[in-house]
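Subject: Structure for you to look at

Hello,

Here is the structure I said I would pass on. Please open it and keep it beside this message while you read.

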Amino acid sequence: MAALTALNLLCSTSYSSICKPRNGVSAILRVPKFPALSHLSLPTLPTHEPTTISFKEVMKTSANSPIDRSGDTSPRTVAAELYMIMEVVAERIEMHKNIGEQRNNWNTLLLNSINAITIAAATMSGLASTGVIGSSSSLLALKLSSTLLYSAATGMMVVMNTIQPSQLAEEQRNATRLFKQLHEQIKTKLSLSCSSSTITQMDVKQAMENVLALDKAYPLPLLGGVMIEKFPKKAEPAIWWPQRKQDQEEKQFTNGTVEKNGWSNKLEREMRDIVEALKSRDTEEYVRLSNMVLKINKILAFSGPLLTGIGAIGSAFIGSPSQGSIAVFCGVLAGALATLVNTMEHGGQVGMVLEMYKASAGSFQLLEETIDSTLKEKEVEKRENGEIFEMMVALKLGRSLSDLRYFAARSSSSRDEQPKEFASKLF
């Protein structure tokens with residue numbers, strides 16, 4: 001830099017010296033020639049390639065990328081496949097989000113419409129029974145209108161109770177959340193693989209299995225054979241991940257002081273205690289709550305159409321000399337009770353609560369299977385780092401690392417003496 005400054009100074013001096021002064025006398029200053037500076041090298045700033053690559057760019061270059069003859073696909077081709085899956089997942093997110101909003105609107109519109117129809121039918125039954133309407137034709141019109149409205153409310157309520165719009169909306173919300181989680185996992189994997197070719201065809205296979213498992217767990221059609229059964233005999237945790245067979249035996253350390261890849265005998269015992277606590281407390285409790293809500297939902301779903309049907313029959317016999325009082329009682333009271341039941345079931349979104357409990361139980365079961373599959377891996381080097389895995393479990397359960405270790409130790413030492421404490425603090 002000093003050499004360049006001196007060169008600029010000398011050049012400016014020579015330029016001023018050859019300028020012709022006013023008195024006509026000129027002078028020439030000869031500047032010695034400096035050696036060429038081509039041999040000097042200046043430091044260059046490091047340039048970083050962008051960490052994200054568009055799917056189209058990857059597809060252009062993957063067509064010319066070589067493929068290993070041993071059967072392994074090139075990393076760029078694998079990246080192109082993962083980008084394609086990520087775009088499909090993004091489309092799934094938008095689909096489930098839009099359909100979830102649509103089915104939530106169904107719940108609101110059907111609830112308000114059925115309640116309005118039922119109240120109108122009960123009001124007409126009451127007016128027909130008061131005798132204010134003098135003419136027989138007017139009385140017949142009120143009776144027929146009330147009967148038709150009750151019949152329409154019964155049919156609409158049967159359809160609404162069968163599909164459970166609030167539960168359908170919750171299913172789509174869960175699907176949107178899980179597809180977003182999968183999208184971020186693929187995105188993170190691609191970002192980490194930009195510096196080193198760590199992605200393989202197995203990553204593509206796992207991503208495909210996860211997408212298909214989510215499609216199976218949260219279907220979009222409302223067909224009988226595809227739609228999730230809304231009134232099963234027994235409620236079970238929701239399963240949205242691919243089921244894999246675990247034929248491996250657990251690898252145990254012989255010395256608790258030895259650590260390898262962040263794993264030790266103490267950490268493995270801690271993970272087993274957490275699995276036992278999840279199975280016996282959290283998962284069991286949410287399955288019990290799911291069955292309880294399922295029974296309530298079955299009772300409400302059966303009672304609503306039954307009451308509107310009774311109201312339709314009662315309103316048809318209003319004014320008859322033999323069954324007049326009973327008909328009025330059934331026509332008016334059944335309509336009021338049907339409105340109350342329908343509001344409790346769909347206004348309270350009992351189906352949504354059931355799906356929420358099933359999803360919570362499924363989350364605990366997924367965590368159990370994740371811990372079990374990790375402990376059954378024979379080669380400890382192939383496991384996820386023990387410290388990172390322990391932190392992940394603690395965050396999923398809403399606990400700090402010290403709190404998680406204390407809970408595991410207390411659960412294993414005195415299970416019968418201490419009151420049962422749930423492993424998760426989030427739900």
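Below is what was found in it, from the whole chain down to single residues.

**The chain as a whole**

Please keep in mind that this is a predicted model. The chain has 11 helices and 0 strands. Read from the N terminus, the order of elements is therefore α-α-α-α-α-α-α-α-α-α-α. The chain has 427 residues, and 38% of them count as buried. Its exposed surface comes to about 25,400 Å², of which carbon and sulfur atoms supply 61%. Take the contacts between residues at least 6 apart in sequence: 79% of these join residues at least 24 apart.

**The nonpolar cores**

In soluble globular proteins, nonpolar side chains tend to be buried together. In this model, the largest nonpolar core has 34 residues. Which residues touch the most other members of this core? They are Met271, Ile274, Ile371, Val393 and Leu397.

Five elements give two or more residues to this core: α7 (265-316), α8 (324-347), α9 (350-375), α10 (386-396) and α11 (401-413). The largest share comes from α7, with 13 residues.

Val393 is a useful residue to click on. If you leave aside its neighbours within four places in sequence, Val393 is in contact with Met271, Ile274, Leu367, Ile371 and Leu404. Apart from the largest core lies another core, of 24 residues. Leu178, Ile199, Ala207 and Ala238 are among the residues of this other core.

**Two helices that cross**

Next, look at helix α3 (residues 75-130) and helix α4 (residues 136-163). Their axes come within 8 Å of each other and cross at roughly 155°. An angle over 145 degrees counts as roughly antiparallel, and α3 and α4 are therefore roughly antiparallel to each other. The crossing in which α3 passes α4 is left-handed.

**Two loop residues with positive phi**

Where is Gln164? Gln164 lies in the loop between α4 and α5 (165-192). Its phi is near 55°, which is a positive value in a residue other than glycine. Is Gln164 buried or exposed? With a relative accessible area of 0%, Gln164 is buried.

Gln349 also has a positive phi, near 50°, and is a residue other than glycine. Gln349 is found in the loop between α8 and α9.

**Two residues within helices**

Asp203 is in helix α6 (residues 201-217). Buried means under 20% relative accessible area, so Asp203, at 14% relative accessibility, counts as buried. Which residues does Asp203 touch, not counting residues up to four places away in sequence? Asp203 touches Leu82, Lys189 and Thr198.

Ser373 is in helix α9. Its relative accessibility is 23%, so Ser373 counts as partly exposed. Ser373 and Arg244 are 129 residues apart along the chain, and their C-alpha atoms are separated by 9.2 Å.

**Where to start**

If you want an order for going through the model, begin with the 11 helices. Then find α7, which gives 13 residues to the largest core. After that, turn to α3 and α4 and look at their left-handed crossing. Finish with the single residues, including Gln164 in its loop and Asp203 in α6.

Regards

Technical notes. Residues numbered from 1 in each chain as written. Predicted model: local features only at pLDDT ≥ 70, side-chain atom pairs only at ≥ 80, totals over all residues. Heavy atoms only, no water. Helix = DSSP H or I, 4+ residues; strand = E, 2+ residues; numbered from the N terminus. Buried < 20%, exposed > 50% of the residue type's maximum accessible area, 1.4 Å probe, protein only. Contact = heavy atoms within 4.5 Å. Areas by Shrake-Rupley, 256 points an atom, 1.4 Å probe, with all protein chains shown as cover. Core = buried A, V, L, I, M, F, W, Y, C linked by side-chain atoms within 4.5 Å. Axes fitted to C-alpha atoms, helices over the stretch in contact; angles between N-to-C directions. Parallel < 35°, antiparallel > 145°, perpendicular 65-115°, else oblique. Left-handed = near helix turned anticlockwise from the far one by under 90°.
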